Amino acid sequence: MMINGIGVSPGIAIGKAHLLKKQEAALSGVVLLNNADVVAETAKFNNAVALSVQEVEAMISNYDQSQGKEGLEILETHIELLSDPQISEDVTGKISKEKKNANDALIEVIADAVQLFKNMDDEYLSARAADVQDIGDRLLRNLNASTPTSFASYEADTIIIAEDLTPSDTISMDTTLVVGFSTQVGGRTSHAAIIARSRGIPAIVGCGATLMDIKDEDLLILDGQSGDIIINPDRETVEQYRIKQENWLKQSNLLRSLKDTPATTTDGLNVKLLANIGDANDMEQAIGFGAEGSGLLRTELLFMGRDTLPGEDEQFEFYKAVALKAKGKPVIVRTLDIGGDKQLPYFNFPAEQNPFLGYRAIRICLDRPDIFIVQLKAILRASTFGQLKIMFPMISNIQEVRAAKVILQQAKDELTKAGISYDKNIPVGIMIEIPSAAITADLLAKGVDFFSIGTNDLCQYTLAVDRMNEQIKDLYDPYNPGVLRLIAYVIEQGHKNNIEVGMCGELASDPKATLLLLGMGLTEFSMSATAIPEIKNIIINSSSTTAKQVHKRVMEMDSSASITAYLQEVTT
Amino acid sequence: MITKDYIITAAEGMHARPATNLVKLTKNYSSLINLKKGDRTVKLSSLINILSLGIKGGETISIIIDGEDETSAIIAIDAFFEEELKHL
């Protein structure tokens, strides 16, 4: 039998099913008859609290710090929730005044608290309902227990099957024993999916109710790539998947071992693989994956989650930290790209009908040079600590480039006057993400030192498709011949004018696109760090002559379906 | 009794992590410490109660402390709001 879900973390897992069943919270309707019962039930509840706190404390002391501090913070919050005096007061109140037993009192109190959180209009707080439910389940389980349940009591090669994984389930999962998991609900960004990817174990989510047809001890095969779960397979199938598993492990080890191999094609063309980063930590991690610098430093992080604009010194420290971590490798700093869907609480954005077509990025910066110049000065000051480049986003014409450069010159003049040093020849480039910029790449190339193609927005604007709109998401397609022609033209014009051309959109990390982009002449790919080894493996096994042929063939095709099918074929 | 008002500067309001730390902090003092937002007053020892107020960025809350060690408690709470809520 086979079940299909969404594969969210690649790899093959073969193991025994372990069902995490949610305890059915059933009210008993018991009415306590006398005071002795009240005392006994109150003691039972207090005992459950003590055991539960012990369990979570054990999880905290066994917590593996390398898994990030988020898990630890969640567990500490759970300790406070478990020993929360309000919950305790409400439960014991129901026991003594309403003569309910501990079980019923607890179920009712937790249900109320969960509802309270679910009803909150704040998305973050309403998500805390999961934490309250989590501690409620733990308390309930411990009502009739005498010792704390030891966490992660799994056998080797366990595959967890659950309706959903609670925060504490995922945190306590011992990935030396648990080889994979699957849930009924969830999507790519669910808590469980993120944990699975970060720990490198296969996972499949969103399987629906049929997942619960699986029984404890069933032999399972999980294919985290395709999203297939095979239940009690025959020996032949198991053998097949063992081979697949071995190949996959070999592949992922190979990719890791490529870290220090230069990305050079078989015929000697050097390609630069760079990382898209958000801060200095990302830069450090990216170098671990073999990144030769950063093709996109998003500076929004610095501006979000606070109540005032960051000052020049604070920004300077941020860029300086990134430059230092890059250890002399190039870093392209994209100037402020807010607006659209990215709002700042301390900055008044006008209400807009089409935020993506509205007041955002360079448009705001040119309108508010007082904000823009602070950032430019901070980047310039940091440029003496590494190899920084400046990139303007959302450019639609050459006039915007010139206006931005005037402000940049002013920033330089101010620093010179103050006797502060900076890289006087700092390269200045632009994002190519608006169709008008792509079509006038010949004109723009004369005014800048480099281009970086942002395929996500370029695709959205070229095809007139809102990429957040689920209904039309199939139309959002970077392999549309129109989009591909624009990309090829930008690369061609960049090279004709002797400027560097890179790509920092999602297409740069799509293995299907690597050969095609190489064939178009692209030699700078910037992507999330984890994607680098896979792309590198394609490059070192390809020749630029083949890539050019692939490009030529693709340009003869009239549909993205045939293009992607063809690219799939030549890539594997 | 000491009463003091604070404006929550963090844009995201009072989230679980700082609230957890605040609850932990108040456990060090024997004084009764309450938190008041609008017309609702809750004990600061209960994380559920603090979170249930749904305190948002820019809102004003009052801390009311009553007990023997109230003066040292308010110093610690002052420091908490100064530092902790800045760095969410």
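This report walks through some helices, strands and sheets in a predicted model.

## Before we start

Residues are numbered from 1 along each chain as its sequence is written, while chains are lettered from A and ligands numbered from 1 in the order in which they are written. Since this is a predicted model, local features need pLDDT of at least 70 and side-chain atom pairs count only at pLDDT 80 or more, with totals for chains, interfaces and linings using all residues, and side-chain values use heavy atoms, with hydrogens and water left out.

## A long-form look at helix H1 of chain A

Let's begin with helix H1 (residues 35–61) of chain A; helices (H or I, at least four residues) and strands (E, at least two) are DSSP runs, numbered from the N terminus. The expected span of a helix is 1.5 Å times one less than its number of residues. The 27 residues of H1(A) should therefore span 39 Å, and the end C-alpha atoms are indeed 39 Å apart. At the N-terminal end, A:Asn34 acts as a cap, with a side-chain oxygen 3.2 Å from the backbone nitrogen of A:Ala36.

Several residues of H1(A) are buried, including A:Val38, A:Phe45, A:Leu51 and A:Met59. Buried means under 20% relative accessible area, exposed over 50%, and partly exposed in between (1.4 Å probe, protein chains only). The buried residues of H1(A) pack against helices H2, H3, H4, H6 and H7 of chain A.

## The eight-stranded sheet of chain A

Chain A has an open sheet of 8 strands in the order E1-E8-E7-E3-E4-E5-E6-E2, with mixed pairing. Two strands pair if DSSP finds at least two bridges between them. E1 (2–4) and E2 (6–9) of chain A sit at the edges with a single partner strand each, so one side of each has no neighbour in the sheet. On average, neighbouring strands here are turned by 30° against each other, direction ignored.

At one edge, E2(A) runs antiparallel to E6 (residues 203–205) of chain A, joined by 3 bridges, and A:Ile6 stands opposite A:Val205. Helix H9 (residues 235–257) of chain A packs on the sheet, touching E3, E7 and E8 of chain A, and its direction makes about 115° with that of E3(A). Contact means heavy atoms within 4.5 Å. As for the angles, axes are lines fitted to C-alpha atoms, for helices over the stretch in contact, and angles run from 0 to 180 degrees between N-to-C directions.

## Around strand E10 of chain A

Strand E10 (residues 294–298) of chain A is mostly covered, with 4 of its 5 residues buried. E10(A) runs parallel to E9 (residues 272–277) of chain A, over 3 bridges, where A:Ala275 faces A:Ser294. E10(A) also pairs in the parallel sense with E11 (residues 330–334) of chain A, again over 3 bridges; there, A:Leu297 has A:Val333 as its bridge partner.

## Over to chain B

Chain B has 3 helices and 4 strands, and from the N terminus on its elements run β-α-β-β-α-β-α. Of its 88 residues, 50% count as buried. Residues 24 or more positions apart account for 72% of the contacts in chain B with a separation of 6 or more.

The 4 strands form an open antiparallel sheet in the order E1-E4-E2-E3. Its edge strands are E1 (2–7) and E3 (40–43) of chain B, each pairing on one side only. E1(B) pairs with E4 (residues 60–66) of chain B over 6 bridges, and B:Tyr6 has B:Ile61 as its bridge partner.

Terms used
A polar contact is a pair of N or O atoms within 3.5 Å; within protein, one must be able to donate a hydrogen and the other to accept it, and residues adjacent in sequence count only if both atoms are side-chain atoms.
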